Amino acid sequence: MKAIRVGLLGLGTVGSGVVKIIQDHQDKLTHQVGCPVTIQKVLVKDKDKKRDVELSKDVLTTEAYDVIQDPEVDVIIEVIGGIEETRRYLLDALQAKKHVVTANKDLIALYGSELTAAAKENGCDLYFEASVAGGIPILRSLEDGLASDRITKMMGIVNGTTNFILTKMNKENAPYDEVLKEAQELGFAEADPTADVEGLDAARKMAILARLGFSMNVDLDDVKVKGISQVSDEDINFSKRLGYTMKLIGIAQRDGQKVEVSVQPTLLPEHHPLSSVHNEFNAVYVYGEAVGETMFYGPGAGSMPTATAVVSDLVSVMKNMRLGVNGSSFVDPQFEKKIKAPSEIFAQQFLRIHVKDQVGSFSKITSIFSERGVSFEKILQLPIKGHDDLAEIVIVTHHTSEEDFTDILQKLNDLEVVHQVKSTYRVEGNGWS
């Protein structure tokens, strides 16, 4: 019973978790696939560094190609991150007929199609379950569990850092900068948090989900992105007052043959299930024509949840090896990519406006909306402390197209009675029951 040998690129947080699971769950892995799993070679930066896991010194190397070109290695597991250099490593690994498992969402979002083509050409497997939502088996569910259904919408919280920040802002009325600093101190946010707080991390994950869910070559550039760095505590408080919770929501929606993919701060009704997903947890709603609504919930990051997803992919590769079917599961995208125009994207909108507190101001504002046939669902009008000459108007519209709403904002900014449009956010889930 020949062992299946693994080469590991990286031994950081996730890599250490992978080693722990392979070492501690050896009986389960052997039972699942009928042979043992051994760690053949591991790429590290420093062979002498003290680590949480025990590996003999001769297994460790500081040269990536010692792992990639080792003739004994069957499967390469990549957990070093990075894009261009890592892409080269994985393409060379596939050329060397090594199966690849990666947790690298940045790489898959940008070069997933190229890596898939290389894997297919070389009769190899390429799995990347851990690249989206950590320990939640969302990609496997789309590819296998929901394979017979037609997915119409995926909507969810796919970034734990921003969810932690918005949860704290919502529960403690704390300002953004203060909460971000706390998230950095706790290790939830990087020293440079840009990729998380500006929505790029979530956008990469939504591109991957859209590609799989809609069987369409959706690129990162197709995702409309807005982060949370401009969200104020006033925005949070007004949304709560109107019965909403703010979350950074990724949306991928298909109507007919056209799709829209976006990541943006979004207001959800307080009773919506995604509103109760707190801190670093992730959750993804999937709507299928046959199955209806399903929700996947769990830890979106962390050593062991992510490592669990990586090793689950390893098990899939091993099962395919035993059956002799590696590289045969790839299916080319079924549909040609068609992205919706702004006139075809519809949603409710929340906006805060500071206006001159004078007779006729409100009627001038409402006339701009009525010109475009946009009506209001909720309205608040309040004085602004310290500004006797200004009033605050908070509006939630009924559904309007992105094109119409952009035109309305332009006209509001040009209106003499409008001092400033303070903020605007998408509203989702009002039809949820």
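User: Which feature does UniProt place at K105?

Analyst: This is a predicted model, in which local features need pLDDT of at least 70, side-chain atom pairs count only at pLDDT 80 or more, and totals for chains, interfaces and linings use all residues. Residues are numbered from 1 along each chain as its sequence is written, and side-chain values use heavy atoms, with hydrogens and water left out. UniProt positions follow the numbering used here, with shortened feature names, and annotations may be inferred rather than shown by experiment. For K105, the unreviewed UniProt entry lists "binding site".

User: Is K105 buried or exposed, or does K105 count as something in between?

Analyst: K105 lies in helix 5 (residues 105-121); helices (H or I, at least four residues) and strands (E, at least two) are DSSP runs, numbered from the N terminus. Buried means under 20% relative accessible area, exposed over 50%, and partly exposed in between (1.4 Å probe, protein chains only). Because its relative accessibility is 21%, K105 counts as partly exposed.

User: Which residues does K105 touch, not counting residues up to four places away in sequence?

Analyst: A contact requires heavy atoms within 4.5 Å. With residues up to four places away in sequence left out, K105 touches S131, D201, R204, K205 and I208.

User: UniProt also lists E190 for "binding site" (unreviewed entry); is E190 buried or exposed?

Analyst: E190 sits in the loop between helix 8 (176-186) and helix 9 (194-197). Its relative accessibility is 55%, so E190 counts as exposed.

User: Which residues of helix 6 and helix 10 make the contact between these helices?

Analyst: Two packed helices are described by the angle between their axes and the distance between the axes. The axes here are lines fitted to C-alpha atoms over the stretch in contact, with angles from 0 to 180 degrees between N-to-C directions, and those of helix 6 (residues 138-145) and helix 10 come within 9 Å and cross at roughly 10°. The helices are therefore roughly parallel (angles under 35 degrees; over 145 is roughly antiparallel, 65 to 115 roughly perpendicular and the rest oblique). Helix 6 contributes I138, L139, L142 and E143, and helix 10 contributes I208, L209, L212 and G213.

User: How do the residues of the contact of helix 6 with helix 10 divide?

Analyst: Ala, Val, Leu, Ile, Met, Phe, Trp, Tyr, Cys and Pro count as nonpolar, Asp, Glu, Lys and Arg as charged, and the others, Gly among them, as polar. By that scheme the division is 6 nonpolar, 1 polar and 1 charged.

User: In what order do the 6 strands of the open sheet lie?

Analyst: Two strands pair if DSSP finds at least two bridges between them. Strand 1 (residues 4-9), with 5 of its 6 residues buried, pairs in the parallel sense with strand 2 (residues 37-43) over 6 bridges and is joined to strand 4 by 4 bridges. The pairing in the sheet is parallel, and the strand order is 3-2-1-4-5-6.

User: Which residue of strand 4 is the bridge partner of L9?

Analyst: Strand 4 (residues 75-78) is also joined by 4 bridges to strand 5 (residues 99-102), where T102 is the partner of E78. On the strand 1 side, L9 is partnered by E78.

User: What is the phi of K97?

Analyst: K97 lies in the loop between helix 4 (84-95) and strand 5. Most residues other than glycine have a negative phi. K97 is not a glycine, yet its phi is positive, near 65°.
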